[in-house]
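Q: Could you take me on a close look at one part of this model, starting from a single residue and working outward through its surroundings? I'd enjoy a connected walk rather than a list.

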Amino acid sequence: MNIRIRLSAVTLLLSLMLLVTSCSGKGGNEPPQETSDTTEPTMVTEPVAEPTPLPYDAPLTGLKLEQAATARPIVVMINNFAAARPQSGLTNADVIWEVLAEGGITRLIAVFQSTNAITDTIGPIRSIRPYLIDIGDSYGAILAHAGASNDGYAILQRQGKPYLDEISNAGSYFWRSKERKAPHNLYSSLEKLRTGAEKKKYSMDKHALPYTFTDSGVSATGVTAENITINFLLKNYNVGYKYDAATGLYQRSIGDKPHIDLNNNEQLKASNLVVLGADHKTLDKEGRLAVDLDRGGKALLFQKGKAIEADWVRAPDGMIRIVIDGAEAAFVPGKTFFHIVPNTPTFEGHVTWVQT
């Protein structure tokens, strides 16, 4: 075979190879196939900063505050007559006491210490009695009221108590509302009352003595009690509380109706309820009472949906404190409502609850 024939054969062979390569789709000039990358990109998340806890505790509620609550307490005598409801300003009180007055009606003693709502309306405001002075005095408070019994005035004046009385010494720091009839229309505010106290040169440096607070309270020792009724002498003044497990608060009713604050239309609520039994004595034909707040006695503490048997004592610091086995019972942070009921016919007969 000559050289020309061999070259032709080689050329034919190369042509056939190119044809096969072209048909197979694997030509050397084809761009490389893309590959899918199924690896998820790494997400970089910034750490979430925990909120800085507020540095101060309110002495009478245990709630956290941005600034220390150092104001001297102001205790206001609140009218609880049916025509005076709904009252104003009670949602701002740190502590509320409920006690019997003449004729089977009850009166509310509202303790204001940590609130910043100084311009909010408070009232209606009514008169004071010796045992109401005793409650307010236990907080080292300035007392705000409208009138007093003869025995009440004797204590206020002879013992030099710091008081603001609309009738006798501080009328300009109160006002009458046209929306209600007297005597259920007298109001004031913390701003006016503090101004009045300063004008009278009452010391404003007395600090509230604190209660003991823990998040768990002492409810682990109690029995379930989520619907509570406290019976006073008249049905229209019977008080009910319903426990809301979602919030840990007791919602208050009175006379079978939600007890609300006229300022904001909010129902009154508390983290702790206390019922304590005290000896009551009728003093005169008007039905004025003496209530023994020194002797101590039985108490019930309600918190976190539980009822806990306890006692109350008048502590050396002057405060009424709730104790269990001789040690002060811890409240859950929040508002506390106290209720004083007679020991007769029985203390237990004034309180009922539903176990669920």
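A: Happy to. This is a predicted model, and a good starting point is Val341, which counts as buried because its relative accessibility is 0%, where buried means under 20%. Val341 sits in strand β25, a run that covers residues 336-342.

Which residues does Val341 meet, once neighbours within four places in sequence are left aside? Its contacts are Ile230, Phe232, Val275, Leu276, Gly277, Ala278, His280, Phe347 and His350. You can also try a distance from here: Val291 is 50 residues away from Val341 in sequence, and the two C-alpha atoms are 9.7 Å apart in space.

Now stay with β25 and turn to the largest cavity. By the rule used here, there is 1 cavity of 30 Å³ or more, and the space in the largest cavity is about 50 Å³. Strand β25 gives the largest share of its lining, with 3 residues. Strand β4 (95-100) joins β25 in supplying at least two lining residues each. On display, the residues to pick out around this cavity are Leu90, Ile96, Glu98, Leu108, Tyr241, Arg252, Leu268, Phe337, Phe338 and His339. Sorted by class, that lining holds 7 nonpolar residues, 1 polar residue and 2 charged residues.

Phe338, one of the lining residues, leads us on to the core. The largest nonpolar core has 88 residues, and Phe338 is among the four that touch the most other members, together with Trp97, Tyr139 and Phe302. Trp97 is worth centring in your viewer: leaving out residues up to four places away in sequence, Trp97 touches Phe338 and Ile340, as well as Arg107, Leu108, Ile109, Val111, Ile135, Tyr139, Leu276 and Ile320. Two of these names have come up already: Leu276 is also a contact of Val341, and Leu108 also lines the largest cavity.

One more stop, helix α4, rounds off the walk. Within α4 (residues 190-199), the buried residues are Leu190, Leu193, Arg194, Gly196 and Ala197. Seen down the helix axis, these buried residues fall within an arc of 160 degrees, so they line one face of α4. An α-helix has 3.6 residues a turn, so residues three or four places apart point the same way. The cover over the buried residues of α4 includes β3 (74-79), β5 (106-112), β6 (142-145) and β7 (163-165). On the other side of the helix, Glu198 and Lys199 are exposed. After α4 comes Lys201, with a positive phi near 60 degrees.

Conventions
Residues are numbered from 1 along each chain as its sequence is written. This is a predicted model: local features need pLDDT of at least 70, side-chain atom pairs count only at pLDDT 80 or more; totals for chains, interfaces and linings use all residues. Side-chain values use heavy atoms; hydrogens and water are left out. A nonpolar core is a set of buried Ala, Val, Leu, Ile, Met, Phe, Trp, Tyr and Cys residues joined through side-chain atoms within 4.5 Å. Buried means under 20% relative accessible area, exposed over 50%, partly exposed in between (1.4 Å probe, protein chains only). Contact means heavy atoms within 4.5 Å. On a 1 Å grid over the protein atoms alone, a cavity is a set of points where a 1.4 Å probe fits but cannot get out, and a pocket is an open set with protein on both sides within 12 Å along at least five of seven lines; lining residues have an atom within 4 Å of a point. Grid points are joined across faces, edges and corners, and a volume is the space filled by probe spheres set on the points. Helices (H or I, at least four residues) and strands (E, at least two) are DSSP runs, numbered from the N terminus. Ala, Val, Leu, Ile, Met, Phe, Trp, Tyr, Cys and Pro count as nonpolar, Asp, Glu, Lys and Arg as charged, and the others, Gly among them, as polar. The arc is that of the directions from the helix axis to the C-beta atoms.
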